[in-house]
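Me: I want the reasoning behind the labels put on this structure. Take them one at a time, please.

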Amino acid sequence: MKDKIRSLNMDQIITRFPPSPTGYLHLGGARTALFNWLYARSKNGRFVLRIEDTDLARSTKESVDAIFKALDWLGIDWDDGPFYQSERLDIYKEYIKKLLDSEDAYYCTCSPEKIKTMREAAKASGQTPRYDGTCRDKGLKNSEKAVVRFRSDSFGTTVVEDVIKGSILFQNSEIDDFIIQKSDGMPMYNFAVVVDDITMGINTVLRGDDHVSNTPKQIALYKALGCMLPVYGHVPMVFGKDRTRLSKRHGAMSVTAYRDMGYMPEALINYLVRLGWSHGDDEFFLKDDLIKKFNIKNIGKSPSIFDPEKLLSLNAEHIQAASIERTSACLKPFLEERHTDEIDSSYLSAIAGTLNKRSKTLLEMADGALFYLENDIDYDKKAAEKFLKPIVYDCLNLLIDELKQIASYTQKNQEQAFKKVMDITGLKFGKIAQPVRVALTGKSVSPGIFELIEVLGRERVLKRLKNAVLYIDEKR
RNA sequence: GGUCCCAUCGUCUAGUGGUUUAGGACGCUGGCCUCUCACGCCGGUAACACGGGUUCGAAUCCCGUUGGGAUCACCA
């Protein structure tokens with residue numbers, strides 16, 4: 001396979017997301033994916049997905065699948081790929097040869113142990129650890145354990161023109177002759193990235209801050225290969241509450257964990273994009289807004305801290321803002337886990353309609369929806385003791401009679417029914433509502449009485465009220 | 001330790017030399033609404049890290065200090 005080296009073409013923005021499949025997709029990765037995707041979409045460009053699986057020991061098929069699943073759930077789609085670096089080995093070989101031929105690279109047979117001691121000595125004396133160039137001018141041929149090193153300039157400077165951070169200056173003397181091909185023949189990260197980005201026509205590289213120090217090496221490679229540089233933008237990182245890299249001890253990190261905890265993908269997208277990017281005082285965004293409004297210039301320079309509380313409140317906002325159809329669809333899998341029967345979709349929508357303003361997550365919503373679906377509800381012990389007492393016995397019976405007579409359970413009709421019961425018993429609405437609530441839901445907290453009755457419908461309402469009457473009867 | 005980056009309420013941020021008694025959101029909090037819980041509405045709390053400059057004027061520009069972070073692999 002022959003890839004032509006394309007000169008950098010900015011007619012169409014081409015971005016990429018290159019995860020290494022060594023685990024699930026975490027929040028930070030999702031955010032860089034999102035920025036690249038958003039930028040490509042907003043510029044009518046292309047977004048490519050590349051799986052960086054040259055680390056044979058750590059890459060797994062499961063991780064690849066997990067990454068696909070997470071991206072799919074977030075709604076981040078790609079135009080090209082997925083490309084697998086493990087399937088592009090001959091391309092890297094070709095570029096290695098080019099570099100070897102032009103003497104920009106050379107074989108090195110120094111043992112890893114030797115390099116290690118070299119590095120430790122340098123660190124101990126406060127110097128940047130660097131390869132000392134033992135094999136640099138030996139003109140070694142390829143051999144069993146040889147690696148290929150890039151011949152770095154030891155003088156001069158390299159400037160990274162970063163669209164987020166501005167110009168960053170590096171002394172070339174800081175950069176040593178780094179390895180571009182391992183002794184097992186696999187390419188090293190910095191080299192593979194450059195070859196891939198060149199051959200895939202990537203012209204815009206948006207990536208985490210932690211890559212800035214790799215950039216001068218990559219630039220050197222571009223230059224040696226005679227290729228034009230992409231536009232670089234290094235996005236500040238996201239930290240945990242203790243201001244260190246987001247990791248397991250900060251709680252859930254994987255994208256799919258948030259799905260399982262009942263978050264809407266809309267909410268996660270919204271939260272992630274606002275971490276580091278802003279559009280004036282706007283807080284709430286849907287994907288289509290973002291595609292219209294996203295720009296690189298509004299990405300901030302300073303790192304941010306992941307705040308689960310804000311994500312949660314944003315999730316509540318998105319649950320409220322979503323259409324009932326959307327919310328129901330998202331809710332359904334959570335209910336199916338708890339309730340095996342087939343759920344009627346219009347009933348489900350009605351249920352969601354009573355819960356979407358009082359649920360911060362879909363999980364919470366599913367829990368709150370359970371009483372609608374159970375055939376026999378269990379009474380919360382405290383609630384039953386407090387509200388299902390003999391004193392409301394007549395009241396509930398009266399209500400049953402009234403509700404029996406009503407043609408349809410509109411709010412207006414219900415109000416009239418309750419009015420009658422109130423008039424006869426002399427009880428205020430507040431005194432009647434709680435017992436009825438417990439009778440209908442088993443709990444002392446629920447959606448409003450009228451919406452409850454309307455959604456549950458005649459059959460369930462009457463049955464549950466009668467059961468409550470029976471319950472009181474048995475107790476006395 | 002070397003190199004590099006960053007610095008506005010606890011957190012996310014607006015702000016690009018004067019319109020700012022520094023605005024919004026989350027959180028926390030007082031109240032209203034009310035059939036419970038929520039939603040909603042009204043209000044409060046809280047920040048320009050510090051020190052020098054530049055300027056008529058600085059959160060905004062420059063320098064230094066301090067603090068935080070990233071990175072220094074035959075990982076990506």
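What follows is a run of questions and replies on the labels used for this predicted model.

Me: Why is H234 called buried or exposed, whichever it is?
Reply: H234 has a relative accessible area of 0%. The cut-off for buried is under 20%. H234 therefore counts as buried.

Me: Where is H234, and what does it touch?
Reply: H234 is found in strand β10, residues 231–235. Leaving aside neighbours within four places in sequence, H234 is in contact with D162, I164, K165, R207, G208, D209, H211, V212 and T215.

Me: What makes the pairs of H234 with R207 and T215 polar contacts?
Reply: The side chains of H234 and R207 are joined at 3.2 Å. Those of H234 and T215 are also joined at 3.2 Å. The limit is 3.5 Å between N or O atoms, with one able to donate a hydrogen and the other to accept it. Both pairs are therefore listed as polar contacts.

Me: Why does D367 get the label it has for accessibility?
Reply: The value for D367 is 39% relative accessibility. Buried needs under 20%, and exposed needs over 50%. D367 falls in between, so it counts as partly exposed.

Me: Which element holds D367, and which residues does D367 touch?
Reply: D367 lies in helix α13, residues 362–373. Not counting residues up to four places away in sequence, D367 touches R338 and K443. The side chains of D367 and R338 make a polar contact of 3.0 Å.

Me: How far apart are D367 and F334, in sequence and in space?
Reply: D367 and F334 are 33 residues apart in sequence. Their C-alpha atoms are 8.8 Å apart.

Me: Why is K382 called buried or exposed, whichever it is?
Reply: K382 has a relative accessible area of 69%. The cut-off for exposed is over 50%, so K382 counts as exposed. Its place is in helix α14, residues 381–387.

Me: What separates K382 from N142, along the chain and in space?
Reply: K382 and N142 are 240 residues apart along the chain. Their C-alpha atoms are separated by 80 Å.

Me: What makes the backbone of E103 and R243 worth a remark?
Reply: Phi of E103 is near 60°, a positive value in a residue other than glycine. R243 has a positive phi of about 65°, although it is not a glycine. E103 is found in the loop between α3 (89–101) and β4 (105–108). R243 lies in the loop between β11 (238–239) and α7 (255–260).

Me: Why are E103 and R243 given their accessibility labels?
Reply: E103 has 55% relative accessibility. R243 has 62%. The mark to pass is 50%, so E103 and R243 count as exposed.

Me: What is known of the peptide bond between G81 and P82?
Reply: A cis peptide bond joins G81 and P82, with omega about 5°. P82 is in strand β3, residues 80–84.

Me: How does the radius of gyration of chain A stand against that of a compact globule?
Reply: Chain A has 32 Å. A compact globule of 476 residues would have a radius near 23 Å. The C-alpha atoms fill a box of roughly 105 × 45 × 40 Å, taken along the principal axes.

Me: How much of chain A counts as buried?
Reply: Of its 476 residues, 48% count as buried. Chain A exposes about 23,600 Å², and carbon and sulfur atoms supply 51% of that area.

Me: Which residues come nearest to RNA strand B?
Reply: R119, R245, G276, D281 and R358 come nearest, out of 62 residues around the strand. The surface divides into 21 nonpolar, 20 polar and 21 charged residues. Its largest share, 5 residues, comes from α17.

Me: How do you know which parts of RNA strand B face the protein?
Reply: Take the atoms of RNA strand B within 4 Å of the protein: 72% belong to sugar or phosphate, and the rest to bases. Among individual pairs, a polar side-chain atom of D55 lies 2.5 Å from a sugar or linking oxygen of RNA strand B. For S20, a polar side-chain atom lies 3.1 Å from such an oxygen. For R274, a backbone N or O atom lies 3.1 Å from a sugar or linking oxygen.

Definitions and conventions:
Residues are numbered from 1 along each chain as its sequence is written. Chains are lettered from A and ligands numbered from 1 in the order in which they are written. This is a predicted model: local features need pLDDT of at least 70, side-chain atom pairs count only at pLDDT 80 or more; totals for chains, interfaces and linings use all residues. Side-chain values use heavy atoms; hydrogens and water are left out. Helices (H or I, at least four residues) and strands (E, at least two) are DSSP runs, numbered from the N terminus. Buried means under 20% relative accessible area, exposed over 50%, partly exposed in between (1.4 Å probe, protein chains only). Contact means heavy atoms within 4.5 Å. A residue is near a molecule or strand if one of its heavy atoms lies within 4 Å of it. Ala, Val, Leu, Ile, Met, Phe, Trp, Tyr, Cys and Pro count as nonpolar, Asp, Glu, Lys and Arg as charged, and the others, Gly among them, as polar. The radius of gyration is taken over C-alpha atoms; the globule rule is 2.2 Å times the number of residues to the power 0.38. Accessible areas come from the Shrake-Rupley method with a 1.4 Å probe; for residues, only the protein chains shown count as cover.
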